[in-house]
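Work through these exercises with the model open. Try each task before reading its solution.

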Amino acid sequence: MILRSFRFVDLESPVEYFSTWLTPVPHFFVRNHMHEPIELDAGGWRLSLGGEVEKSVTLSLAELSKLEIHSVVNTLECAGNGRSLQRPPVPGIQWGKGAVGTARFSGPRLRDVLQRAGVKPAGKHVMFRGLDEVPGKVPPFIRSIPIEKALDADTLIATHMNGSPLTKHHGFPARALVPGWIGAASCKWLTEIKLLDAEFIGNFMSPGYRLPNQAVKPGDAVRPEDTHAVTALSVKSVISGPIDGSSLKANKVTVHGAAWAGEADVVKVEVSVDGGTSWNRAKLGRDQAHYAWRLWSFDWKPSKGGDYSIQSRATDSQGRIQPTTPVWNPSGYLYNAVDQVNLHVS
Amino acid sequence: MFRRISAVALLTITTGLLAQKSAPANLTADLPAGTMQAKASAACLECHEARIILQQRLSKAAWTKEVDKMTKWGAAVDAADRDALIDYLTTNFSPDKPAYAPPRTANKNASGKTSD
């Protein structure tokens with residue numbers, strides 16, 4: 001894994017790992033805003049529900065596991081994935097292309113848990129608080145999602161990932177799983193759920209994780225009221241092989257990768273071997289699920305040796321296409337420009 | 001006082017994350033030499049490691065925002081040192097510097113076992 005930070009732990013998957021539909025947990029990126037909880041005791045862990053509910057509820061892990069378990073294969077991507085490719089650079093973890101992965105998350109539906117407490121009509125947003133160890137006067141990592149997304153049948157309190165209990169890096173013993181949305185929505189080490197009548201007010205809802213409503217140029221002042229919370233992921237593809245900078249001795253090259261689109265479906269991936277002048281349709285992999293990436297491949301026979309710029313671009317069911325040039329924003333969120341690797345074929 | 005991650009927790013993370021046979025990644029990195037190195041280390045590395053700084057490539061305006069934000073969040077920066085700290089960070093981590101090359105941890109297979 002690529003070590004972006006040791007303290008706090010931030011690990012990125014090399015893109016060459018994206019060759020399987022499900023990402024093995026040891027290869028799954030890790031994004032921590034703060035220190036991981038120092039002590040986690042599954043027996044003593046409790047999840048509390050309060051706020052705009054009929055009755056406050058506290059659940060143990062054993063009680064949670066007695067609820068109906070649902071599984072969702074979801075591509076989880078950090079909102080800042082690709083930030084290092086933004087020009088001019090912006091502050092934050094300088095992710096390359098690998099702060100993304102796909103796993104089968106399992107656990108009770110959030111709506112079933114909310115039902116236990118009874119959501120009052122005033123409960124319009126669902127706040128998550130995790131057990132992160134907060135350093136100094138840093139604001140705690142607390143965020144909220146709208147009630148409509150919270151009540152979706154695929155929004156979970158996940159306790160398992162690819163069939164095994166969550167690891168500590170991924171939120172043991174339980175995390176929110178908000179499918180199709182940026183990773184920050186899926187709060188790890190979940191310990192408190194609170195129903196609110198409005199979006200939670202805190203650093204990680206604003207100014208954090210917001211995008212300008214209109215395109216802005218570097219240096220432009222952006223007023224908070226001219227921004228919106230980042231929610232669903234963009235349409236995006238990455239090339240996982242051959243890796244950038246490769247020298248190949250072959251008369252046939254399989255260009256392959258993964259493509260995802262948040263709450264939408266990937267309908268097409270195209271590959272260009274001439275720097276974007278012409279595009280060829282890639283073959284989509286057999287494995288698919290609504291919130292999961294599609295693997296794709298394109299067999300290419302280079303007509304001659306030389307240097308090549310290979311590009312990929314995805315199109316989704318909402319008609320969105322990866323842009324040729326990145327759309328810059330002050331925090332480097334949702335980078336999704338056409339992907340590119342450079343190869344030498346001899 | 002900031003809550004510093006305990007040695008036990010650090011060891012746990014180290015064992016789980018970086019136990020490896022090849023290409024060991026240094027767990028910690030240092031900020032570059034300079035008259036502000038010690039004060040920057042004291043102010044910034046109390047909460048996070050140097051790599052979070054080493055990987056940034058920011059303008060002076062952006063570093064100013066970062067220093068002021070972190071000071072608000074508890075970084076111990078003497079008001080008299082603020083400008084020098086911003087200059088130190090801008091000098092060492094400006095957009096014209098080459099990109100930071102991060103280390104890699106061990107390759108682990110699907111079972112979580114470390115391999116070469």
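**Exercise 1. Find how β18(A) joins β25(A), then place both in their sheet.**

Step 1. Strand β18 (residues 247–248) of chain A and β25(A) run parallel, joined by two bridges. Strands here are DSSP runs (E, at least two residues), helices are runs of H or I with at least four residues, and both are numbered from the N terminus. Two strands pair if DSSP finds at least two bridges between them.

Step 2. Pick out a bridge: A:Leu248 has A:Val345 of β25(A) as its partner.

Step 3. Turn to strand β24 (residues 306–316) of chain A. Seven bridges tie β24 to β25(A), and these two strands run antiparallel. Here A:Gln311 has A:Gln340 as its bridge partner in β25(A).

Step 4. Assemble the sheet. It is open, has five strands in the order β18-β25-β24-β20-β21 (chain A), and its pairing is mixed. β18 and β21 (280–281) of chain A are at the edges with a single partner strand each, so one side of each has no neighbour in the sheet.

A note on provenance: this is a predicted model, in which local features need pLDDT of at least 70 and side-chain atom pairs count only at pLDDT 80 or more, while totals for chains, interfaces and linings use all residues. Residues are numbered from 1 along each chain as its sequence is written, chains are lettered from A and ligands numbered from 1 in the order in which they are written, and side-chain values use heavy atoms, with hydrogens and water left out.

**Exercise 2. Sort the side chains of β25(A) by face.**

Step 1. Recall the rule. In a regular strand the side chains alternate between the two faces of the sheet.

Step 2. Apply it. A:Asp339, A:Val341, A:Leu343 and A:Val345 point to one face and are buried. Buried means under 20% relative accessible area, exposed over 50%, and partly exposed in between (1.4 Å probe, protein chains only).

Step 3. Check the other face. A:Gln340, A:Asn342 and A:His344 point there and are not buried.

**Exercise 3. Describe the second largest pocket and say which strands help to line it.**

Step 1. Fix the terms. On a 1 Å grid over the protein atoms alone, a pocket is an open set of points with protein on both sides within 12 Å along at least five of seven lines; a cavity is a set where a 1.4 Å probe fits but cannot get out; lining residues have an atom within 4 Å of a point. Grid points are joined across faces, edges and corners, and a volume is the space filled by probe spheres set on the points.

Step 2. Read the size. The volume of the second largest pocket is about 970 Å³.

Step 3. List the lining. It has 39 residues, with A:Arg4, A:Ser84, A:Leu85, A:Gly96 and A:Lys97 nearest the centre.

Step 4. Trace the strands. β1 (2–5), β17 (236–241) and β25 (339–345) of chain A supply at least two lining residues each. β17(A) gives the largest share, four residues.

Step 5. Classify. The lining has 17 nonpolar, 11 polar and 11 charged residues. Ala, Val, Leu, Ile, Met, Phe, Trp, Tyr, Cys and Pro count as nonpolar; Asp, Glu, Lys and Arg as charged; the others, Gly among them, as polar.

**Exercise 4. Now characterise the largest cavity.**

Step 1. Count. The structure holds two cavities of 30 Å³ or more. The largest encloses about 240 Å³.

Step 2. Name its lining. There are 20 residues, and A:Arg31, A:Arg175, A:Gly183, A:Ser186 and A:Lys188 lie closest to the centre. The lining comprises 11 nonpolar, five polar and four charged residues.

**Exercise 5. Which residues of helix α2 (residues 110–117) of chain A are buried?**

Step 1. They are A:Leu110, A:Val113, A:Leu114 and A:Ala117.

Step 2. Their arc around the axis is only 100 degrees, which puts them on the same side of α2(A). The arc is that of the directions from the helix axis to the C-beta atoms.

Step 3. Look just past α2(A): A:Gly118 takes a positive phi of about 75 degrees.

**Exercise 6. Is B:Glu66 buried or exposed?**

Step 1. Locate B:Glu66 in helix α4 (residues 60–72) of chain B.

Step 2. B:Glu66 is buried, at a relative accessible area of 17%.

Step 3. Beyond neighbours within four places in sequence, B:Glu66 contacts A:Pro91 and B:Leu58. Contact means heavy atoms within 4.5 Å.
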